Number of protein chains: 2
Amino acid sequence: MKEGWKTLSQRQLLDCSPWLRVFSETVQLEDGETVVENFYRVEIPSYVVIFAVTPGQTVPLVEQYRHGVRGYTLELPAGLVEEGEDPLTSARRELREETGLVASEWRSLGAFVVDPNRGCGQAHIYLARDAVPVAAPGPGELQQVVVHYYDLERLIALWRSGGSVTIASTAAIGLGLSFLGTLPER
Amino acid sequence: MKEGWKTLSQRQLLDCSPWLRVFSETVQLEDGETVVENFYRVEIPSYVVIFAVTPGQTVPLVEQYRHGVRGYTLELPAGLVEEGEDPLTSARRELREETGLVASEWRSLGAFVVDPNRGCGQAHIYLARDAVPVAAPGPGELQQVVVHYYDLERLIALWRSGGSVTIASTAAIGLGLSFLGTLPER
């Protein structure tokens with residue numbers, strides 16, 4: 001088992017809890033000698049992304065204004081994992097809040113680090129099958145959300161065009177399509 | 001054309017250039033009335049991720065210690081876009097630095113926002129075909145890098161298992177496989 005870096009010390013540079021905290025670390029590299037100062041770690045809440053499929057084989061996408069993009073985006077339903085919440089619980093909650101859907105079959109497709117240098121939280125991706133409406137889509141927290149249902153052909157075209165502009169949505173669409181058997185294994 | 005939020009004012013909370021800057025914005029929402037304070041924006045350099053394929057249909061992955069994961073990862077070659085650098089140039093440079101490979105055919109698979117709320121830079125994904133070795137893999141900047149060549153079957157298994165643990169690598173493997181025709185379109 002290889003040993004990695006050691007954190008010799010750290011100090012907090014910024015505390016905007018619960019949204020953001022920044023730390024500066026002094027680390028010792030693998031050689032056991034070299035010391036690097038000011039290696040930054042960013043703590044951002046983890047989030048969930050949900051690839052949901054209805055019995056009619058359509059996938060809900062949400063259209064909303066995203067300030068990090070300075071424009072409107074089409075993404076899979078997604079949201080933050082709240083303090084102390086299990087990610088699967090967050091995923092069920094976010095899917096229902098954003099689309100009004102409840103799914104009977106859930107499967108985790110993995111948890112992925114957002115920034116392998118700085119951290120920036122984890123992205124938990126879920127496949128939710130047999131998603132059926134039980135309520136109207138809720139209003140967004142800060143923005144208006146419009147739900148669009150894409151059939152798989154249209155979703156594949158969007159995905160391949162780079163049209164779902166977030167890296168997490170793009171990762172989740174690829175995995176979701178694969179596990180759905182739409183993109184067959186070799 | 002819908003209007004989005006307006007940034008009414010912003011102040012810089014942290015300047016760790018060139019690695020990280022944090023701003024707090026006061027924004028006006030879509031309704032033209034509601035004002036939200038302390039919406040955080042994080043500026044992190046954009047990066048490139050390269051899905052390279054050799055003439056023998058293998059894909060190089062790099063194994064290295066990643067402090068944001070606190071462990072060793074297997075990822076596609078990747079690296080930061082340097083100040084003023086064109087992303088394709090960064091991609092060619094990083095592929096050669098990390099693996100010693102030069103590819104004759106490059107295709108952009110899109111640019112994706114890392115965090116649709118906070119920004120956190122963009123991930124530029126490239127497919128590089130006909131990648132052939134012209135040099136030995138270089139040493140990593142801060143860490144030792146080992147290059148592994150995966151055939152497509154093994155890569156698909158890694159991808160579907162969540163084993164390439166970064167969200168960017170996972171997104172790029174899915175898109176790369178699709179554009180390679182390994183995961184056929186419907």
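What distance should the 14 residues of helix α3 (residues 167–180) of chain B span at 1.5 Å a residue, and how far apart are its end C-alpha atoms? In this predicted model, the expected span is 20 Å and the end C-alpha atoms lie 20 Å apart, which agrees. The helix is mostly covered, too, with 12 of its 14 residues buried. Among them are Ile167(B), Ala168(B), Ile173(B), Leu175(B) and Leu177(B), along with the glycines Gly174(B) and Gly176(B). Just past the end of α3(B) comes Gly181(B), where phi turns positive at about 85°.

Now for chain A as a whole. It has three helices and 10 strands, and from the N terminus these elements follow the pattern β-β-β-β-β-β-β-α-β-β-β-α-α. Along the principal axes, the C-alpha atoms of chain A take up a box of roughly 60 × 45 × 30 Å. Of its 186 residues, 42% count as buried. Contacts across the sequence are plentiful enough to sort by distance along the chain: among those between residues at least 6 apart, 60% join residues at least 24 apart.

One piece of chain A worth a look is an open sheet of three strands, in the order β6-β5-β10, with antiparallel pairing. Strands β6 (71–75) and β10 (146–151) of chain A sit at the edges with a single partner strand each, so one side of each has no neighbour in the sheet. From one strand to the next, the twist averages 30°. Strand β5 (residues 58–66) of chain A pairs with β10(A) in the antiparallel sense over six bridges, and within that pairing Leu61(A) has His148(A) of β10(A) as its bridge partner. Helix α2 (residues 152–160) of chain A packs on this sheet and touches β5, β6 and β10 of chain A, its direction making about 105° with that of β10(A).

How do the two chains fit together? A turn of 180° with a shift of 0.0 Å along the axis lays chain A on chain B, with an RMSD of 0.0 Å. The two copies are thus related as by a two-fold rotation axis. In chain A, the C-alpha nearest that axis belongs to Ala171(A), at 1.8 Å from it.

The contact between the copies involves 60 residues of chain A and 60 residues of chain B. Helix α3 (residues 167–179) of chain A gives the most to chain A's side, with seven residues. Sorted by class, that side has 34 nonpolar, 16 polar and 10 charged residues. As for which surfaces are used, 100% of the interface residues of chain A are also interface residues in chain B, so the copies meet through the same surface.

A single residue, Ala123(A), ties several of these threads together. Its place is in strand β9 (residues 119–133) of chain A. With 27 other C-beta atoms within 10 Å, where 20 or more are enough, Ala123(A) is buried. Leaving aside neighbours within four places in sequence, Ala123(A) is in contact with Tyr47(A), Val49(A), Phe112(A), Val114(A) and Ala168(A), and also with Ile167(B) from the other chain. Ala52(A), by comparison, is 71 residues from Ala123(A) in sequence and 16 Å from it in space, C-alpha to C-alpha.

Definitions and conventions:
Residues numbered from 1 in each chain as written. Chains lettered and ligands numbered in written order. Predicted model: local features only at pLDDT ≥ 70, side-chain atom pairs only at ≥ 80, totals over all residues. Pairing = 2+ DSSP bridges. Helix = DSSP H or I, 4+ residues; strand = E, 2+ residues; numbered from the N terminus. Axes fitted to C-alpha atoms, helices over the stretch in contact; angles between N-to-C directions. Contact = placed C-beta atoms within 7 Å. Expected span 1.5 Å × (residues − 1). Least-squares fit on C-alpha atoms with pLDDT ≥ 70 in both. Nonpolar A, V, L, I, M, F, W, Y, C, P; charged D, E, K, R; others polar.
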